[in-house]
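Hi everyone, thanks for coming. I'd like to walk you through one structure today, so have a look at it while I talk.

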Amino acid sequence: MSEIDYAALLAQSTDLICALGAEGQVLEANPAFMAALDSDDDTLVGASFVGQLHPDDAVQCREALATPGACSFLARLRTGATVRLAWRLTPWVDGRRLCVSPPVVESSQASSMLLAQLARHVPGVIYQYRIRADGSSHFPYASERFEELFGLPYSVVKDDASPVFARAHPDDLPHIMDSIERASHGQHPWHCQYRYYLPDGQLRWHEGNATLSHQVDGSRLCYGYISDITERHVLERALEEERLRLSNILEGTHAGSWEWNVQTGELLINARWAEIVGYSLAELEPVSSATWERLVHPDDLARAFECLNAHFHGKHEFYSLEFRMRHRDGQWVWVLAHGKVFRWTPDRRPLMMAGIHQEIGDRKDAEAALRRLATTDSLTGLWNRRYFMQQLEQAFERYQRYGQSAAVILLDIDHFKNVNDIHGHAAGDCVIQYTAEVLTAWCRNLDIPARIGGEEFALLLTDTGEKGGHSLAERIRYALEVLEVPFEDISLRMTASFGISAMAKGDPSHEQCMRRADRALYAAKHGGRNRVKVAKERAPGTEDA
(Lines give C-alpha, C1' and ligand atoms only; values in the text may rest on other atoms or scores of the structure.)
Protein backbone atom coordinates (compact mmCIF):
# COMPACT_ATOMS: atom_id res chain seq x y z
CA MET A 1 0.00 0.00 0.00
CA SER A 2 1.37 3.39 -0.91
CA GLU A 3 1.85 6.25 1.52
CA ILE A 4 -0.92 8.20 -0.32
CA ASP A 5 -3.39 5.35 0.30
CA TYR A 6 -2.54 5.30 3.98
CA ALA A 7 -2.86 9.07 4.28
CA ALA A 8 -6.27 9.08 2.58
CA LEU A 9 -7.56 6.21 4.68
CA LEU A 10 -6.37 7.70 7.95
CA ALA A 11 -7.69 11.18 7.25
CA GLN A 12 -11.16 10.28 5.95
CA SER A 13 -12.26 7.58 8.38
CA THR A 14 -14.13 8.38 11.61
CA ASP A 15 -12.90 5.08 13.05
CA LEU A 16 -9.84 4.91 15.28
CA ILE A 17 -7.04 3.91 12.89
CA CYS A 18 -3.28 3.74 13.19
CA ALA A 19 -0.50 2.15 11.12
CA LEU A 20 1.97 -0.03 13.07
CA GLY A 21 5.57 -0.97 12.36
CA ALA A 22 7.45 -4.25 12.87
CA GLU A 23 8.22 -3.47 16.53
CA GLY A 24 4.63 -2.53 17.34
CA GLN A 25 5.35 1.20 17.17
CA VAL A 26 2.84 3.73 15.85
CA LEU A 27 3.88 4.97 12.41
CA GLU A 28 0.77 7.04 11.61
CA ALA A 29 -2.52 7.84 13.37
CA ASN A 30 -5.71 9.46 12.15
CA PRO A 31 -7.45 12.39 13.92
CA ALA A 32 -10.05 10.09 15.53
CA PHE A 33 -7.33 7.96 17.16
CA MET A 34 -5.44 11.00 18.41
CA ALA A 35 -8.63 12.59 19.75
CA ALA A 36 -9.57 9.43 21.64
CA LEU A 37 -6.19 9.56 23.41
CA ASP A 38 -6.15 13.36 23.71
CA SER A 39 -2.76 13.28 22.00
CA ASP A 40 -1.03 14.49 18.84
CA ASP A 41 1.39 13.31 16.12
CA ASP A 42 4.51 14.35 18.02
CA THR A 43 3.51 12.25 21.03
CA LEU A 44 2.11 9.20 19.23
CA VAL A 45 4.43 8.61 16.29
CA GLY A 46 7.17 6.23 17.38
CA ALA A 47 5.37 5.31 20.63
CA SER A 48 4.39 1.74 21.51
CA PHE A 49 0.82 0.87 20.53
CA VAL A 50 0.51 -1.42 23.57
CA GLY A 51 1.42 1.58 25.73
CA GLN A 52 -1.72 3.38 24.54
CA LEU A 53 -3.98 0.65 25.96
CA HIS A 54 -5.18 -0.24 29.43
CA PRO A 55 -2.44 -2.29 31.23
CA ASP A 56 -4.89 -5.13 31.94
CA ASP A 57 -5.47 -5.59 28.19
CA ALA A 58 -1.78 -5.51 27.17
CA VAL A 59 -1.28 -9.31 27.14
CA GLN A 60 -3.99 -10.11 24.58
CA CYS A 61 -2.84 -7.15 22.49
CA ARG A 62 0.71 -8.51 22.34
CA GLU A 63 -0.61 -11.94 21.37
CA ALA A 64 -2.59 -10.38 18.54
CA LEU A 65 0.44 -8.37 17.36
CA ALA A 66 2.47 -11.60 17.23
CA THR A 67 -0.05 -13.02 14.72
CA PRO A 68 1.15 -12.35 11.14
CA GLY A 69 -2.28 -12.54 9.56
CA ALA A 70 -5.53 -10.67 10.14
CA CYS A 71 -6.95 -11.01 13.65
CA SER A 72 -9.02 -9.14 16.23
CA PHE A 73 -9.01 -8.46 19.98
CA LEU A 74 -10.80 -6.36 22.60
CA ALA A 75 -8.94 -3.70 24.56
CA ARG A 76 -9.57 -0.44 26.43
CA LEU A 77 -7.64 2.76 25.87
CA ARG A 78 -5.34 4.02 28.63
CA THR A 79 -7.47 7.18 29.01
CA GLY A 80 -9.69 5.51 31.63
CA ALA A 81 -12.40 4.25 29.27
CA THR A 82 -14.39 1.31 30.62
CA VAL A 83 -15.59 0.02 27.25
CA ARG A 84 -13.39 -2.45 25.45
CA LEU A 85 -13.04 -1.49 21.82
CA ALA A 86 -13.05 -4.13 19.08
CA TRP A 87 -9.65 -3.78 17.39
CA ARG A 88 -8.91 -5.37 14.04
CA LEU A 89 -5.36 -6.02 12.74
CA THR A 90 -4.82 -6.34 8.99
CA PRO A 91 -2.07 -8.54 7.49
CA TRP A 92 1.41 -7.10 6.88
CA VAL A 93 1.83 -5.08 3.67
CA ASP A 94 5.11 -3.31 2.82
CA GLY A 95 6.40 -3.69 6.39
CA ARG A 96 3.32 -2.21 8.13
CA ARG A 97 -0.21 -3.17 9.18
CA LEU A 98 -3.34 -1.28 10.20
CA CYS A 99 -5.00 -1.46 13.57
CA VAL A 100 -8.64 -0.27 13.39
CA SER A 101 -11.56 0.14 15.81
CA PRO A 102 -14.83 2.06 15.77
CA PRO A 103 -15.47 4.25 18.80
CA VAL A 104 -17.66 1.51 20.34
CA VAL A 105 -18.07 -2.26 19.80
CA GLU A 106 -19.35 -2.39 16.22
CA SER A 107 -22.22 -4.34 14.80
CA SER A 108 -21.59 -7.05 12.22
CA GLN A 109 -22.83 -4.68 9.51
CA ALA A 110 -20.41 -1.95 10.60
CA SER A 111 -17.62 -4.53 10.74
CA SER A 112 -18.37 -5.60 7.19
CA MET A 113 -18.33 -2.00 6.03
CA LEU A 114 -15.00 -1.44 7.75
CA LEU A 115 -13.48 -4.55 6.18
CA ALA A 116 -14.70 -3.49 2.76
CA GLN A 117 -13.19 -0.04 3.24
CA LEU A 118 -9.85 -1.47 4.33
CA ALA A 119 -9.82 -4.16 1.63
CA ARG A 120 -9.93 -1.56 -1.13
CA HIS A 121 -6.47 -0.44 -0.03
CA VAL A 122 -4.98 -3.95 0.19
CA PRO A 123 -3.44 -5.54 -2.94
CA GLY A 124 -4.60 -9.05 -2.04
CA VAL A 125 -7.82 -10.60 -0.73
CA ILE A 126 -9.06 -10.44 2.86
CA TYR A 127 -11.36 -13.38 3.52
CA GLN A 128 -13.23 -15.50 6.02
CA TYR A 129 -13.17 -19.24 5.35
CA ARG A 130 -15.28 -21.77 7.25
CA ILE A 131 -14.82 -25.55 7.38
CA ARG A 132 -18.11 -27.04 8.46
CA ALA A 133 -18.40 -29.98 10.83
CA ASP A 134 -19.28 -32.26 7.90
CA GLY A 135 -16.03 -31.30 6.08
CA SER A 136 -17.55 -29.04 3.45
CA SER A 137 -16.34 -25.45 3.30
CA HIS A 138 -17.27 -22.01 2.04
CA PHE A 139 -16.20 -18.35 2.12
CA PRO A 140 -18.63 -16.35 4.33
CA TYR A 141 -16.72 -13.21 3.42
CA ALA A 142 -14.22 -12.18 0.73
CA SER A 143 -13.11 -8.72 -0.29
CA GLU A 144 -13.88 -7.31 -3.71
CA ARG A 145 -10.56 -8.39 -5.29
CA PHE A 146 -11.47 -12.06 -4.92
CA GLU A 147 -12.48 -12.44 -8.55
CA GLU A 148 -9.33 -10.65 -9.72
CA LEU A 149 -7.15 -13.08 -7.75
CA PHE A 150 -9.00 -16.37 -8.36
CA GLY A 151 -10.83 -15.70 -11.62
CA LEU A 152 -14.11 -16.65 -9.97
CA PRO A 153 -17.02 -14.45 -8.80
CA TYR A 154 -17.42 -14.42 -5.05
CA SER A 155 -21.03 -15.64 -5.39
CA VAL A 156 -19.73 -19.00 -6.66
CA VAL A 157 -17.78 -19.75 -3.45
CA LYS A 158 -19.99 -18.05 -0.87
CA ASP A 159 -21.66 -21.36 -0.04
CA ASP A 160 -19.17 -23.84 -1.57
CA ALA A 161 -15.40 -23.38 -1.67
CA SER A 162 -14.71 -26.41 -3.90
CA PRO A 163 -14.38 -24.37 -7.17
CA VAL A 164 -11.34 -22.63 -5.68
CA PHE A 165 -9.62 -25.88 -4.76
CA ALA A 166 -10.48 -27.33 -8.19
CA ARG A 167 -8.20 -24.73 -9.83
CA ALA A 168 -5.21 -25.37 -7.54
CA HIS A 169 -2.25 -27.11 -9.17
CA PRO A 170 -2.79 -30.89 -8.74
CA ASP A 171 0.71 -31.33 -7.29
CA ASP A 172 0.09 -28.59 -4.70
CA LEU A 173 -3.46 -29.49 -3.61
CA PRO A 174 -2.40 -32.20 -1.12
CA HIS A 175 0.06 -29.75 0.40
CA ILE A 176 -2.67 -27.08 0.74
CA MET A 177 -5.11 -29.44 2.48
CA ASP A 178 -2.42 -30.89 4.73
CA SER A 179 -1.23 -27.43 5.79
CA ILE A 180 -4.82 -26.45 6.71
CA GLU A 181 -5.21 -29.58 8.81
CA ARG A 182 -1.88 -29.10 10.56
CA ALA A 183 -2.72 -25.46 11.35
CA SER A 184 -6.12 -26.50 12.64
CA HIS A 185 -4.88 -29.23 14.94
CA GLY A 186 -1.65 -27.50 15.92
CA GLN A 187 -3.33 -24.23 16.87
CA HIS A 188 -0.81 -22.20 14.91
CA PRO A 189 -1.27 -19.73 12.01
CA TRP A 190 -1.77 -21.14 8.52
CA HIS A 191 0.86 -20.26 5.92
CA CYS A 192 1.11 -21.76 2.47
CA GLN A 193 2.49 -21.01 -0.99
CA TYR A 194 0.87 -22.78 -3.93
CA ARG A 195 0.25 -22.62 -7.67
CA TYR A 196 -3.17 -21.70 -9.08
CA TYR A 197 -4.65 -21.84 -12.58
CA LEU A 198 -6.78 -18.92 -13.81
CA PRO A 199 -9.64 -19.70 -16.23
CA ASP A 200 -7.45 -18.71 -19.22
CA GLY A 201 -4.88 -21.36 -18.19
CA GLN A 202 -2.39 -18.86 -16.80
CA LEU A 203 -0.44 -20.27 -13.84
CA ARG A 204 0.03 -17.96 -10.85
CA TRP A 205 1.69 -18.28 -7.46
CA HIS A 206 -0.36 -17.43 -4.35
CA GLU A 207 0.66 -16.99 -0.73
CA GLY A 208 -1.91 -17.38 2.04
CA ASN A 209 -1.85 -16.54 5.74
CA ALA A 210 -4.65 -17.09 8.23
CA THR A 211 -5.56 -17.81 11.83
CA LEU A 212 -7.97 -20.65 12.63
CA SER A 213 -10.36 -21.00 15.54
CA HIS A 214 -12.74 -23.77 16.57
CA GLN A 215 -16.42 -22.83 16.89
CA VAL A 216 -19.04 -24.24 19.26
CA ASP A 217 -20.91 -25.82 16.36
CA GLY A 218 -17.89 -27.93 15.45
CA SER A 219 -16.84 -25.81 12.52
CA ARG A 220 -13.43 -24.16 12.06
CA LEU A 221 -13.29 -20.50 11.10
CA CYS A 222 -10.33 -18.87 9.37
CA TYR A 223 -9.54 -15.19 9.05
CA GLY A 224 -6.91 -14.64 6.41
CA TYR A 225 -5.22 -12.84 3.61
CA ILE A 226 -4.11 -14.19 0.20
CA SER A 227 -1.91 -12.34 -2.28
CA ASP A 228 -0.45 -13.01 -5.72
CA ILE A 229 3.32 -13.53 -5.41
CA THR A 230 4.03 -14.64 -8.98
CA GLU A 231 6.43 -11.78 -9.72
CA ARG A 232 8.14 -12.22 -6.37
CA HIS A 233 8.44 -15.95 -6.95
CA VAL A 234 10.01 -15.36 -10.37
CA LEU A 235 12.54 -13.01 -8.80
CA GLU A 236 13.26 -15.42 -5.96
CA ARG A 237 13.77 -18.25 -8.42
CA ALA A 238 16.09 -16.09 -10.52
CA LEU A 239 18.03 -15.15 -7.39
CA GLU A 240 18.25 -18.79 -6.36
CA GLU A 241 19.49 -19.78 -9.82
CA GLU A 242 22.05 -16.97 -9.65
CA ARG A 243 23.12 -18.10 -6.18
CA LEU A 244 23.46 -21.68 -7.44
CA ARG A 245 25.42 -20.51 -10.49
CA LEU A 246 27.83 -18.53 -8.31
CA SER A 247 28.11 -21.49 -5.94
CA ASN A 248 28.98 -23.78 -8.87
CA ILE A 249 31.56 -21.28 -10.13
CA LEU A 250 33.19 -21.08 -6.69
CA GLU A 251 33.15 -24.86 -6.38
CA GLY A 252 34.52 -25.28 -9.90
CA THR A 253 37.35 -22.82 -9.31
CA HIS A 254 37.95 -24.27 -5.82
CA ALA A 255 37.91 -20.72 -4.47
CA GLY A 256 37.24 -19.43 -1.00
CA SER A 257 34.61 -16.69 -0.84
CA TRP A 258 34.40 -13.82 1.64
CA GLU A 259 32.09 -10.93 2.42
CA TRP A 260 33.40 -8.15 4.64
CA ASN A 261 31.62 -5.38 6.51
CA VAL A 262 34.40 -2.81 6.34
CA GLN A 263 32.88 -0.62 9.05
CA THR A 264 32.22 -3.32 11.67
CA GLY A 265 34.95 -5.80 10.70
CA GLU A 266 32.47 -8.68 10.44
CA LEU A 267 33.72 -11.29 7.95
CA LEU A 268 31.66 -14.07 6.38
CA ILE A 269 33.65 -16.86 4.73
CA ASN A 270 32.87 -20.21 3.15
CA ALA A 271 34.36 -23.59 4.05
CA ARG A 272 36.97 -23.43 1.27
CA TRP A 273 38.38 -20.13 2.64
CA ALA A 274 39.04 -21.87 5.95
CA GLU A 275 40.30 -25.04 4.25
CA ILE A 276 43.02 -23.11 2.39
CA VAL A 277 44.65 -22.33 5.73
CA GLY A 278 43.98 -25.77 7.20
CA TYR A 279 40.92 -25.09 9.37
CA SER A 280 37.22 -25.83 9.46
CA LEU A 281 34.71 -22.99 9.64
CA ALA A 282 33.83 -23.86 13.23
CA GLU A 283 37.48 -23.68 14.31
CA LEU A 284 37.86 -20.12 13.02
CA GLU A 285 34.60 -18.70 14.40
CA PRO A 286 33.91 -16.00 15.32
CA VAL A 287 35.46 -14.72 12.08
CA SER A 288 36.37 -11.05 11.61
CA SER A 289 38.91 -8.96 9.73
CA ALA A 290 41.20 -9.51 12.75
CA THR A 291 41.17 -13.25 11.89
CA TRP A 292 42.47 -12.45 8.42
CA GLU A 293 45.09 -10.00 9.73
CA ARG A 294 46.34 -12.61 12.20
CA LEU A 295 46.88 -15.14 9.40
CA VAL A 296 48.54 -12.88 6.81
CA HIS A 297 52.35 -12.89 6.67
CA PRO A 298 53.70 -9.80 8.52
CA ASP A 299 55.80 -8.84 5.51
CA ASP A 300 52.70 -8.84 3.27
CA LEU A 301 50.18 -7.12 5.57
CA ALA A 302 51.31 -3.56 4.80
CA ARG A 303 51.04 -4.23 1.05
CA ALA A 304 47.54 -5.66 1.55
CA PHE A 305 46.31 -2.55 3.38
CA GLU A 306 47.97 -0.32 0.79
CA CYS A 307 46.15 -2.19 -1.98
CA LEU A 308 42.83 -2.00 -0.10
CA ASN A 309 43.18 1.76 0.45
CA ALA A 310 43.98 2.26 -3.23
CA HIS A 311 40.71 0.50 -4.10
CA PHE A 312 38.73 2.41 -1.44
CA HIS A 313 39.95 5.74 -2.86
CA GLY A 314 39.13 4.83 -6.47
CA LYS A 315 42.72 4.38 -7.68
CA HIS A 316 41.97 0.79 -8.67
CA GLU A 317 38.61 -0.61 -9.76
CA PHE A 318 39.33 -3.91 -8.01
CA TYR A 319 41.35 -5.12 -5.04
CA SER A 320 43.80 -7.74 -6.28
CA LEU A 321 46.86 -9.02 -4.44
CA GLU A 322 49.05 -12.06 -3.91
CA PHE A 323 50.15 -12.67 -0.32
CA ARG A 324 51.04 -15.41 2.13
CA MET A 325 48.83 -16.80 4.89
CA ARG A 326 49.89 -19.04 7.75
CA HIS A 327 48.58 -22.59 7.43
CA ARG A 328 47.54 -24.49 10.52
CA ASP A 329 50.67 -26.66 10.20
CA GLY A 330 52.89 -23.55 10.35
CA GLN A 331 53.69 -23.37 6.64
CA TRP A 332 53.05 -20.26 4.54
CA VAL A 333 50.40 -20.64 1.82
CA TRP A 334 50.36 -18.33 -1.19
CA VAL A 335 46.90 -16.85 -1.82
CA LEU A 336 45.53 -14.70 -4.66
CA ALA A 337 42.77 -12.36 -3.45
CA HIS A 338 40.28 -10.57 -5.68
CA GLY A 339 37.54 -8.28 -4.35
CA LYS A 340 35.43 -5.17 -4.80
CA VAL A 341 33.30 -2.85 -2.68
CA PHE A 342 29.66 -3.30 -3.67
CA ARG A 343 28.00 -1.02 -1.11
CA TRP A 344 29.03 2.38 0.23
CA THR A 345 27.85 4.52 3.16
CA PRO A 346 25.98 7.77 2.36
CA ASP A 347 29.24 9.69 2.90
CA ARG A 348 31.06 7.39 0.40
CA ARG A 349 32.94 5.25 2.84
CA PRO A 350 33.30 1.55 1.95
CA LEU A 351 30.62 -0.51 3.67
CA MET A 352 30.33 -3.99 2.13
CA MET A 353 33.03 -5.73 0.14
CA ALA A 354 33.12 -9.24 -1.35
CA GLY A 355 35.68 -11.37 -3.12
CA ILE A 356 37.47 -14.69 -3.40
CA HIS A 357 40.67 -16.39 -2.27
CA GLN A 358 42.49 -18.85 -4.51
CA GLU A 359 45.41 -20.98 -3.38
CA ILE A 360 48.29 -20.41 -5.83
CA GLY A 361 51.10 -22.38 -4.18
CA ASP A 362 51.54 -24.67 -7.21
CA ARG A 363 51.69 -21.66 -9.52
CA LYS A 364 54.25 -19.96 -7.30
CA ASP A 365 56.36 -23.12 -7.27
CA ALA A 366 56.15 -23.32 -11.06
CA GLU A 367 57.12 -19.66 -11.38
CA ALA A 368 60.07 -20.23 -9.05
CA ALA A 369 61.11 -23.25 -11.12
CA LEU A 370 60.91 -21.21 -14.31
CA ARG A 371 62.94 -18.42 -12.75
CA ARG A 372 65.47 -20.99 -11.62
CA LEU A 373 65.67 -22.41 -15.14
CA ALA A 374 66.10 -18.91 -16.56
CA THR A 375 68.88 -17.99 -14.14
CA THR A 376 70.82 -21.23 -13.58
CA ASP A 377 73.10 -23.47 -15.55
CA SER A 378 71.42 -26.82 -16.24
CA LEU A 379 74.64 -28.87 -16.09
CA THR A 380 76.06 -27.60 -12.80
CA GLY A 381 73.14 -25.96 -11.01
CA LEU A 382 75.24 -22.79 -10.60
CA TRP A 383 73.90 -19.38 -11.60
CA ASN A 384 74.21 -18.54 -15.29
CA ARG A 385 75.95 -15.57 -16.91
CA ARG A 386 72.76 -13.49 -17.14
CA TYR A 387 72.02 -13.76 -13.42
CA PHE A 388 75.67 -13.20 -12.51
CA MET A 389 75.81 -9.95 -14.48
CA GLN A 390 72.59 -8.74 -12.84
CA GLN A 391 74.03 -9.39 -9.40
CA LEU A 392 77.32 -7.75 -10.39
CA GLU A 393 75.43 -4.62 -11.48
CA GLN A 394 73.57 -4.49 -8.16
CA ALA A 395 76.83 -4.94 -6.25
CA PHE A 396 78.33 -2.04 -8.22
CA GLU A 397 75.35 0.17 -7.27
CA ARG A 398 75.83 -0.71 -3.60
CA TYR A 399 79.52 0.06 -3.92
CA GLN A 400 78.81 3.47 -5.41
CA ARG A 401 76.06 4.35 -2.93
CA TYR A 402 77.33 2.84 0.31
CA GLY A 403 80.98 2.00 -0.39
CA GLN A 404 80.36 -1.72 0.08
CA SER A 405 83.34 -3.47 -1.50
CA ALA A 406 83.09 -6.40 -3.90
CA ALA A 407 85.46 -8.46 -6.02
CA VAL A 408 85.21 -10.72 -9.05
CA ILE A 409 87.11 -13.98 -9.57
CA LEU A 410 87.16 -15.48 -13.05
CA LEU A 411 88.56 -18.98 -13.57
CA ASP A 412 89.06 -21.09 -16.63
CA ILE A 413 89.86 -24.82 -16.65
CA ASP A 414 93.28 -25.35 -18.24
CA HIS A 415 93.56 -27.49 -21.39
CA PHE A 416 89.88 -28.39 -21.18
CA LYS A 417 89.71 -29.08 -24.92
CA ASN A 418 92.13 -31.97 -24.44
CA VAL A 419 89.74 -33.63 -21.98
CA ASN A 420 86.93 -33.55 -24.55
CA ASP A 421 89.18 -34.64 -27.41
CA ILE A 422 90.79 -37.56 -25.52
CA HIS A 423 87.99 -38.80 -23.25
CA GLY A 424 84.85 -37.40 -24.86
CA HIS A 425 82.26 -34.78 -23.90
CA ALA A 426 80.86 -36.92 -21.07
CA ALA A 427 84.23 -36.70 -19.37
CA GLY A 428 84.32 -32.94 -19.99
CA ASP A 429 80.87 -32.58 -18.40
CA CYS A 430 82.07 -34.58 -15.40
CA VAL A 431 85.07 -32.26 -14.94
CA ILE A 432 82.84 -29.19 -15.16
CA GLN A 433 80.44 -30.60 -12.53
CA TYR A 434 83.27 -31.38 -10.10
CA THR A 435 84.68 -27.92 -10.61
CA ALA A 436 81.27 -26.46 -9.73
CA GLU A 437 81.16 -28.55 -6.55
CA VAL A 438 84.56 -27.21 -5.47
CA LEU A 439 83.44 -23.62 -6.05
CA THR A 440 80.25 -24.17 -4.08
CA ALA A 441 82.14 -25.80 -1.22
CA TRP A 442 84.50 -22.82 -0.85
CA CYS A 443 81.87 -20.08 -1.26
CA ARG A 444 80.05 -18.29 1.50
CA ASN A 445 76.23 -18.11 1.38
CA LEU A 446 76.36 -14.47 0.29
CA ASP A 447 78.75 -15.15 -2.60
CA ILE A 448 77.50 -15.76 -6.16
CA PRO A 449 79.14 -18.71 -8.01
CA ALA A 450 78.28 -18.96 -11.71
CA ARG A 451 79.18 -20.80 -14.87
CA ILE A 452 79.49 -18.08 -17.52
CA GLY A 453 80.90 -20.08 -20.44
CA GLY A 454 81.87 -23.58 -21.54
CA GLU A 455 84.73 -24.13 -19.05
CA GLU A 456 84.72 -20.63 -17.57
CA PHE A 457 83.39 -19.81 -14.09
CA ALA A 458 82.96 -16.66 -12.05
CA LEU A 459 82.64 -15.74 -8.37
CA LEU A 460 81.16 -12.49 -7.04
CA LEU A 461 82.48 -11.86 -3.54
CA THR A 462 80.62 -9.41 -1.31
CA ASP A 463 82.47 -7.26 1.25
CA THR A 464 85.76 -8.51 -0.19
CA GLY A 465 88.66 -6.76 -1.90
CA GLU A 466 91.52 -7.99 -4.08
CA LYS A 467 93.51 -9.44 -1.17
CA GLY A 468 90.56 -11.45 0.07
CA GLY A 469 89.77 -12.53 -3.47
CA HIS A 470 93.38 -13.59 -4.06
CA SER A 471 93.40 -15.67 -0.89
CA LEU A 472 90.19 -17.50 -1.81
CA ALA A 473 91.32 -18.04 -5.40
CA GLU A 474 94.54 -19.68 -4.22
CA ARG A 475 92.61 -22.09 -1.98
CA ILE A 476 90.28 -23.01 -4.85
CA ARG A 477 93.24 -23.34 -7.27
CA TYR A 478 94.95 -25.78 -4.92
CA ALA A 479 91.72 -27.75 -4.32
CA LEU A 480 91.31 -28.21 -8.07
CA GLU A 481 94.99 -29.10 -8.54
CA VAL A 482 94.78 -32.01 -6.10
CA LEU A 483 91.29 -33.10 -7.15
CA GLU A 484 90.87 -36.47 -8.82
CA VAL A 485 87.73 -36.68 -10.94
CA PRO A 486 86.47 -40.27 -11.27
CA PHE A 487 85.27 -41.10 -14.77
CA GLU A 488 84.49 -44.67 -15.78
CA ASP A 489 87.65 -46.61 -14.80
CA ILE A 490 90.09 -43.69 -14.67
CA SER A 491 90.71 -40.54 -12.64
CA LEU A 492 91.02 -37.23 -14.38
CA ARG A 493 93.21 -34.40 -13.12
CA MET A 494 92.89 -30.70 -13.86
CA THR A 495 94.18 -27.24 -13.08
CA ALA A 496 92.64 -23.79 -13.56
CA SER A 497 93.80 -20.24 -14.15
CA PHE A 498 92.34 -17.30 -12.19
CA GLY A 499 91.91 -13.57 -12.77
CA ILE A 500 90.84 -11.18 -9.95
CA SER A 501 89.63 -7.61 -9.83
CA ALA A 502 87.93 -5.47 -7.19
CA MET A 503 85.54 -2.60 -7.83
CA ALA A 504 87.18 0.82 -8.00
CA LYS A 505 85.85 4.33 -7.48
CA GLY A 506 86.71 5.43 -10.99
CA ASP A 507 84.86 2.55 -12.69
CA PRO A 508 82.17 3.88 -15.05
CA SER A 509 80.14 0.64 -14.75
CA HIS A 510 80.15 -2.87 -13.35
CA GLU A 511 81.49 -4.16 -16.67
CA GLN A 512 84.81 -2.36 -16.08
CA CYS A 513 85.54 -4.63 -13.09
CA MET A 514 84.65 -7.65 -15.22
CA ARG A 515 86.96 -6.56 -18.02
CA ARG A 516 89.89 -6.14 -15.60
CA ALA A 517 89.34 -9.62 -14.18
CA ASP A 518 89.17 -11.03 -17.71
CA ARG A 519 92.51 -9.41 -18.62
CA ALA A 520 94.02 -10.81 -15.42
CA LEU A 521 92.75 -14.27 -16.38
CA TYR A 522 94.30 -13.86 -19.83
CA ALA A 523 97.61 -12.98 -18.16
CA ALA A 524 97.39 -16.09 -15.94
CA LYS A 525 96.81 -18.27 -18.99
CA HIS A 526 99.74 -16.82 -20.87
CA GLY A 527 101.92 -16.83 -17.76
CA GLY A 528 101.95 -20.59 -17.55
CA ARG A 529 98.40 -21.49 -16.33
CA ASN A 530 97.48 -22.97 -12.93
CA ARG A 531 98.03 -19.61 -11.25
CA VAL A 532 96.19 -16.56 -9.88
CA LYS A 533 96.63 -13.08 -11.31
CA VAL A 534 95.31 -9.84 -9.83
CA ALA A 535 94.40 -7.07 -12.24
CA LYS A 536 97.10 -4.39 -12.27
CA GLU A 537 95.04 -1.75 -14.08
CA ARG A 538 93.59 0.61 -11.49
CA ALA A 539 91.59 3.78 -11.68
CA PRO A 540 93.70 6.82 -10.72
CA GLY A 541 93.95 7.35 -6.93
CA THR A 542 92.40 3.96 -6.12
CA GLU A 543 93.78 1.78 -3.33
CA ASP A 544 93.47 -1.93 -2.82
CA ALA A 545 90.26 -2.67 -0.91
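Before I start, one term: when I call a residue buried, I mean that its relative accessible area is under 20%, and exposed means over 50%. Also keep in mind that this is a predicted model.

Okay, let's begin with helix H17, residues 416-423. Which residues of H17 are buried? They're Phe 416, Val 419 and Asn 420. Those three cover an arc of only 95° around the axis, so they sit on the same side of H17. If you're new to helices, here's the background: an α-helix has 3.6 residues a turn, so residues three or four places apart point the same way.

And what does the face turned away from that buried side carry? There we find the exposed residues Lys 417, Asp 421 and Ile 422.

Now, what do the buried residues of H17 pack against? Their partners are strand S16 (406-413), helix H18 and strand S20 (490-492).

Let's stay with H18, which spans residues 425-442. The axes of H17 and H18 come within 6 Å of each other, and they cross at roughly 140°. That angle makes H17 oblique to H18, because the label roughly antiparallel is kept for angles over 145 degrees. On the H17 side, the contact is made by Phe 416, Val 419, Asn 420 and His 423. H18 brings in His 425, Ala 427, Gly 428, Val 431 and Ile 432. Sorted by class, that's 5 nonpolar residues, 4 polar ones and no charged ones. One more detail here: just after H17 comes Gly 424, with a positive phi of about 100°.

Next, the sheet. It's an open one with 5 strands, in the order S12-S11-S15-S14-S13, and the pairing is antiparallel. Which strands are at the edges? Those are S12 (267-269) and S13 (319-326), and each pairs on one side only. From one strand to the next, the twist averages 25°.

Take S13 and its partner S14, residues 332-344: they pair in the antiparallel sense over 8 bridges. For example, Leu 321 has Ala 337 in S14 as its bridge partner.

Two helices to finish with. Helix H14 (residues 298-312) packs on the sheet, touching S11, S13, S14 and S15, and its direction makes about 160° with that of S13. Helix H15 (residues 361-375) also packs on the sheet, touching S13, S14 and S15, at about 125° to the direction of S14.

That's my tour, thanks for listening!

Conventions. Residues numbered from 1 in each chain as written. Predicted model: local features only at pLDDT ≥ 70, side-chain atom pairs only at ≥ 80, totals over all residues. Heavy atoms only, no water. Axes fitted to C-alpha atoms, helices over the stretch in contact; angles between N-to-C directions. Helix = DSSP H or I, 4+ residues; strand = E, 2+ residues; numbered from the N terminus. Parallel < 35°, antiparallel > 145°, perpendicular 65-115°, else oblique. Contact = heavy atoms within 4.5 Å. Nonpolar A, V, L, I, M, F, W, Y, C, P; charged D, E, K, R; others polar. Pairing = 2+ DSSP bridges. Buried < 20%, exposed > 50% of the residue type's maximum accessible area, 1.4 Å probe, protein only. Arc of directions from axis to C-beta.
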